[in-house]
Each structure stands twice: as C-alpha cells, then as structure tokens.
Amino acid sequence: MVYKLVCLGNPLLDIQFDVTKEYLDKYGLKENDAILVEEKHMPIFDDGLKDPSVKLVAGGAAQNTARGAQYLLPEISVVYFGSVGNDKYAEKLHEANKSVGLATRYQVQPDIGTGKCAALINGPNRSLATDLGAANHFKPSHLQKPENWELVEKASFFYIGGFHLTVSPEAIILLGKHAAENNKDFVINFSAPFIAQFFKDPLDQVVPYADYIICNESEAAAYAESHDLKDKSLVEVATYIAKLPKVNSKKPRTVIFTQGLDPTLVVRVDAQGEAQISEIVVHPLAADKVVDTNGAGDAFAAGFVAGLVQGKDLFENIDIGQWLAAESIQQVGPSYPFPKKTYPGKKN
C-alpha cells in the first residue's frame, strides 16, 4: 500500500458547543485561543456533552488536515499517525475517518482514554481547550515498526501538526530526517500561539527540517515575541523564519502566514538567499455564509498539501487552501461539504 502523504498529530474527539463570553471568563479562557487544560478546566467536557448544541467531530488539528487532504485526493492517498485509547471515543474516530477514506495507523494505549477537545463557540469566535489523554503518549517506536516504517519510506510528503511538539518532538525529527535525506517535502504547521511561547526549544529543533511552514498572524506574533525579534512585522518575521538554517539545502524554505480575510503572506528564500515576498488576496465570502470558523486553518493546510501532492505550483496550492477553507467555514465544525465538491481551478 502506498500513501503519498503521511500526517502526524494528536487525534482528538472534538466536543463542540455554543457558549457565552461569560462562560469563557468563568474558566479564564480567551476567544480565538487554544490551551491545554488544567484540572480547573475539566468540567468543561461534561458541560459540553450535556449541552443541547453539542456536536461530536473526529478532530485534532492534523487529523482535520489529513481528512481534508484525503477529501481532495484520490483514494488511498493519506495515512495518519497518532495515539488513542481503547474506548468508544476511539471507535467514533475510526468510524469518522473510514467514512471519508482516511487511513489511520493509531498507536493504542490500553489504560489511557482517547484525547478530547472542547471547541467553545461564541458567535464567529472559538476557543479550544484540550485534554490530550492518549494522544500525549505517542512514541517514535510506533513509526519504526516495520509495517509502519514501510509506509513512511513509500510516502513522498509529510505534514506535521505543531501540537505534536508537546508530545513527541523525537517522532517529528525522525520523519524530518527521513524527508531531508530523501529530498521529500516536509510541512510543519505552528498550530497555536502557545507552541512558540512554551515549546520554543522543541519548535526550534524541528524547524531546520521544514520545507514549508504554515501559521497564522497570532502564531507569528507569538513566535516573534518568544524569539525576541526586534521587528515584529509579519513580513520581517516570515523572512526571519524563511532564512533560518535548513537541513535539506536542495529545497528552498517557504513560509506561509494566513491572516483570516486579509491576504495570505508568502515568503520564499531563493538560491541566492534573497527573500521573495508575495501576498495572495483571499477569495471573498459573504458574511451570512459563514457558519463556523473552527478548523479553517486546518482546511487551508489540507488544500495546500493536497496541491503539493498533486504537483501543482505554490500559488495554486495556496489558492486550493483558501478555497477549501472557505468551503469548510460554511460547515459545522472542522468539516468538509458533502456531496463532495471539486476544486474549480485557480481564477486569475
């Protein structure tokens, strides 16, 4: 079996429900933020399961992206690695992924529950509170099992969710080294501001393997702050990251900053070490069509990596990402429209 794209991340059951600003304040949560829960946050999950607005979705950022990439690609294109428990929540994840044709190679933790994420929706804003559970116990040894490493060796593209930096940087580096040594494309998403703030060292260890880095403006600002950059403008931060040392010198590094409805910023360093800077206007979408922005960034990444796998050029890959993100935010949760839609092609 040959899967062109291997994704690694933290599989979670998303428990999504509507809340008020007062509810967020009660737990010290911010809109449009993501945290790992402390004990004081644990009641949120029970609150969600009891809420009449609750929706259960097979989630985790990288798994959302893996599902989205498989949505756009031919059958048997994507395989996803992560760690789950041996429980009903894992069964729901298997069912959800099977329904969209996504192959999974989960490491199963017999004594630890499947991870979960409360997606707290307040109008167009969302706040994510995550209990990693079994997802927090993924080991590189699972990738190194012969039947799994065979899939790694046959793949040509790798996508890593930044949240996995809290779990197993060793596993990310294992894949990064393989990609660099074999001139394969390696994509990293910073995923959340707290990654750059509190997991700076693991992030700095994996960036040298990245051919493509995706993040949003909040994550870029957190990176600039944690790395004491004097000029914190998005262009300068993207240029700084693009010019960082790189293990595979055969490929340029490309940094992509999404900014919601504002243009997507792209910085690529050429062979002479000069930064090539571009801005790509986001396709307009009427406000009354926006249902839920949760997972929009994951959908963008899905479209982008799907384009990579298909051999399309950089700017069409970004266009595919923007298109799929626009489709996703018209759905409830980090989901994609059914009946399945096909990318209409890049418009000039």
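**Figure 1. Pro-339 and its cis peptide bond, in the segment after H13**. Pro-339 sits in the segment that follows H13. This is a predicted model. The peptide bond running from Phe-338 to Pro-339 is cis. Its omega is near 0 degrees. Most peptide bonds are trans.

**Figure 2. Ser-335, in the segment after H13**. Ser-335 belongs to the segment after H13. Its relative accessibility is 18%, so Ser-335 counts as buried, the cut-off being under 20%. Setting aside neighbours within four places in sequence, Ser-335 contacts three residues by name: Val-57, Arg-67 and Ser-328. Of these, Ser-328 is the end residue of H13, which spans residues 314-328.

**Figure 3. Helix H13, residues 314-328**. H13 has 15 residues. From its first C-alpha to its last, H13 reaches 21 Å. That is close to the 21 Å expected at 1.5 Å a residue. Of the 15 residues, 14 are buried, so H13 is largely enclosed by the rest of the structure. In an α-helix, residues three or four places apart point the same way, because there are 3.6 residues a turn.

**Figure 4. The N-terminal cap of H13**. Asp-313 caps this end of the helix. A side-chain oxygen of Asp-313 lies 3.0 Å from the backbone nitrogen of Phe-315.

**Figure 5. Asp-298, annotated as an active site**. The "active site" feature at Asp-298 comes from UniProt, in an unreviewed entry. Asp-298 lies in helix H12, residues 296-309. Is Asp-298 buried or exposed? Asp-298 is buried, with a relative accessible area of 15%. Not counting residues up to four places away in sequence, Asp-298 touches Ala-61, Asn-64, Thr-65 and Tyr-336. With Asn-64 there is also a polar contact, side chain to side chain, at 2.8 Å.

**Figure 6. Asn-32, a residue with positive phi**. Asn-32 is not a glycine, yet its phi is positive, about 55 degrees. Most residues other than glycine have a negative phi. Asn-32 is placed in the loop between helix H1 (21-26) and strand E3 (33-36). At 41% relative accessibility, Asn-32 counts as partly exposed.

**Figure 7. Asp-228, a residue with positive phi**. Asp-228 also is not a glycine, and its positive phi is about 55 degrees. The residue is found in the loop between helix H10 (217-226) and helix H11 (234-242). Asp-228 counts as exposed, at 64% relative accessibility.

**Figure 8. The annotated domain, residues 22-340**. An unreviewed UniProt entry carries the annotation "domain: Carbohydrate kinase PfkB" for this span. Helix makes up 39% of the span and strand 23%. The end C-alpha atoms of residues 22-340 lie 38 Å apart.

**Figure 9. The whole chain, as context for the close-ups.** The protein chain has 13 helices and 14 strands. Its radius of gyration is 19 Å, which agrees with the value near 20 Å for a compact globule of 348 residues. The C-alpha atoms fill a box of roughly 60 × 45 × 45 Å along the principal axes. Buried residues make up 57% of the chain. Among contacts between residues at least 6 apart in sequence, 73% join residues at least 24 apart. The accessible surface comes to about 15,100 Å². Carbon and sulfur atoms account for 51% of that surface.

Key. Residues are numbered from 1 along each chain as its sequence is written. This is a predicted model: local features need pLDDT of at least 70, side-chain atom pairs count only at pLDDT 80 or more; totals for chains, interfaces and linings use all residues. Side-chain values use heavy atoms; hydrogens and water are left out. Helices (H or I, at least four residues) and strands (E, at least two) are DSSP runs, numbered from the N terminus. The expected span of a helix is 1.5 Å times one less than its number of residues. Buried means under 20% relative accessible area, exposed over 50%, partly exposed in between (1.4 Å probe, protein chains only). A polar contact is a pair of N or O atoms within 3.5 Å; within protein, one must be able to donate a hydrogen and the other to accept it, and residues adjacent in sequence count only if both atoms are side-chain atoms. The radius of gyration is taken over C-alpha atoms; the globule rule is 2.2 Å times the number of residues to the power 0.38. Contact means heavy atoms within 4.5 Å. Accessible areas come from the Shrake-Rupley method with a 1.4 Å probe; for residues, only the protein chains shown count as cover. UniProt positions are given in the numbering used here, feature names are shortened, and annotations may be inferred rather than shown by experiment.
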